[in-house]
Amino acid sequence: MHTKEEKIAAFERLLDIQERLRKECPWDRKQTFESLRPNTIEEIFELADALMKHDKKNICKELGDVMEHVVFYALLGSETNDFDIADVCNAQSDKLMFRHDFIDWTGWTVANDNMAINRRGQVVYKDELNTEKQAATPPNGNAPSTATQVELTWEQRKQKEREGNKTVLSGVPASLPSLIKAYRIQDKARNVGFDWQKKEDVWAKVYEELNELKAELAREDKESSTKELGDFLFSVINAARLYKLNPDNALEHTNQKFISRFAYVEQQAKKLGKELKDMTLEEMDNLWNEAKKIENNK
């Protein structure tokens, strides 16, 4: 592993390279926030793929691609004097320190002129430094000892940010994939106390939504069936969250499993000199079961 100095030098090198590319590369010169956006989304998904596969070599590579985009956007911001990479880093550092009010930041500094560190080592807004409420707060009192305890106070702390999200759910990006968005919506609501008292209670809701979906399907009402399907999926995602399972990861594992098994069916069909469309469902199912056995024996 590298020293802190080596890490800083490596990041500085990336900044220098990106600045030179912006000046000398025709492609880099023409880029804007809007033109880079699709590439950024692609890089994020490539990183997500590497993370799912636990491919450490590609994780490193894709992190580099994502970091390069962060540096590039900051460079674009500096060209219009709106912000630069220092502003990005400082704002993120201030935010992290503010949200982790149970950590003693005495001796550290904040970049935001409207913020300061109080005598208990918490990052606060300057006009709150001498309030009675702040003075009554014990040093590191009731500090969370588990990740769950931190999560339960996370949204409340975020709501105190004066330039942050004004409502609990406004921080959920509209462009998030629907499955991930549903999970984040539920998780954010949970962080302010809107949740099932016992995780087992969710199953009654899941079965209720399933029965309503089946009823609409029996009526062959497509619009109502679509609505009830959404409600059912939302309830299943809720159940997964309560049992600390990530539904997006779970579904992707199943996607990859299906792809692998179906590829085996295709390969074996070719060996038999057959096209899938000409095979019976029973023949394909037999090959599918073979794929499952091979998978289970690995």
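In helix α11, the buried residues (under 20% relative accessible area with a 1.4 Å probe, protein chains only) are Pro247, Arg261, Tyr264, Val265, Gln268 and Ala269. The model is a predicted one, in which local features need pLDDT of at least 70 and side-chain atom pairs count only at pLDDT 80 or more, while totals for chains, interfaces and linings use all residues. Residues are numbered from 1 along each chain as its sequence is written, and side-chain values use heavy atoms, with hydrogens and water left out.

Helices here are DSSP runs of H or I with at least four residues, numbered from the N terminus. Helix α11 covers residues 247-271, and its 25 residues should span 36 Å at 1.5 Å a residue, which agrees with end C-alpha atoms 36 Å apart; the expected span is 1.5 Å times one less than the number of residues. The cover over the buried residues of α11 includes α8, α10 and α12 (281-296), with contact meaning heavy atoms within 4.5 Å.

Two of these neighbours, α8 and α10, also meet each other. The axes of α8 (residues 178-190) and α10 (residues 222-242) come within 10 Å and cross at roughly 55 degrees; axes are lines fitted to C-alpha atoms, for helices over the stretch in contact, and angles run from 0 to 180 degrees between N-to-C directions. That angle makes α8 oblique to α10, the class left once angles under 35 degrees (roughly parallel), over 145 (roughly antiparallel) and 65 to 115 (roughly perpendicular) are set aside. The crossing is right-handed, that is, the near helix is turned clockwise from the far one by less than a right angle. On the α8 side the contact involves Leu179, Ala182, Tyr183, Gln186, Asp187 and Arg190, and on the α10 side Phe234, Ile237, Asn238 and Arg241.

Helix α10 also packs with α9 (residues 202-219), their axes coming within 8 Å and crossing at roughly 160 degrees. The two helices are therefore roughly antiparallel, and their crossing is left-handed. Among the residues in this contact are Trp203, Leu210 and Leu213 of α9, together with Leu229, Phe232 and Asn238 of α10.

Turning to helix α3 (residues 33-52), its 20 residues should span 28 Å, in agreement with end C-alpha atoms 28 Å apart. Leu36, Thr40, Glu43, Leu47 and Ala50 are its buried residues, and they pack against α2 (26-30) and α4 (56-79). After α3 comes His54, with a positive phi near 55 degrees.

Notes. Buried < 20%, exposed > 50% of the residue type's maximum accessible area, 1.4 Å probe, protein only.
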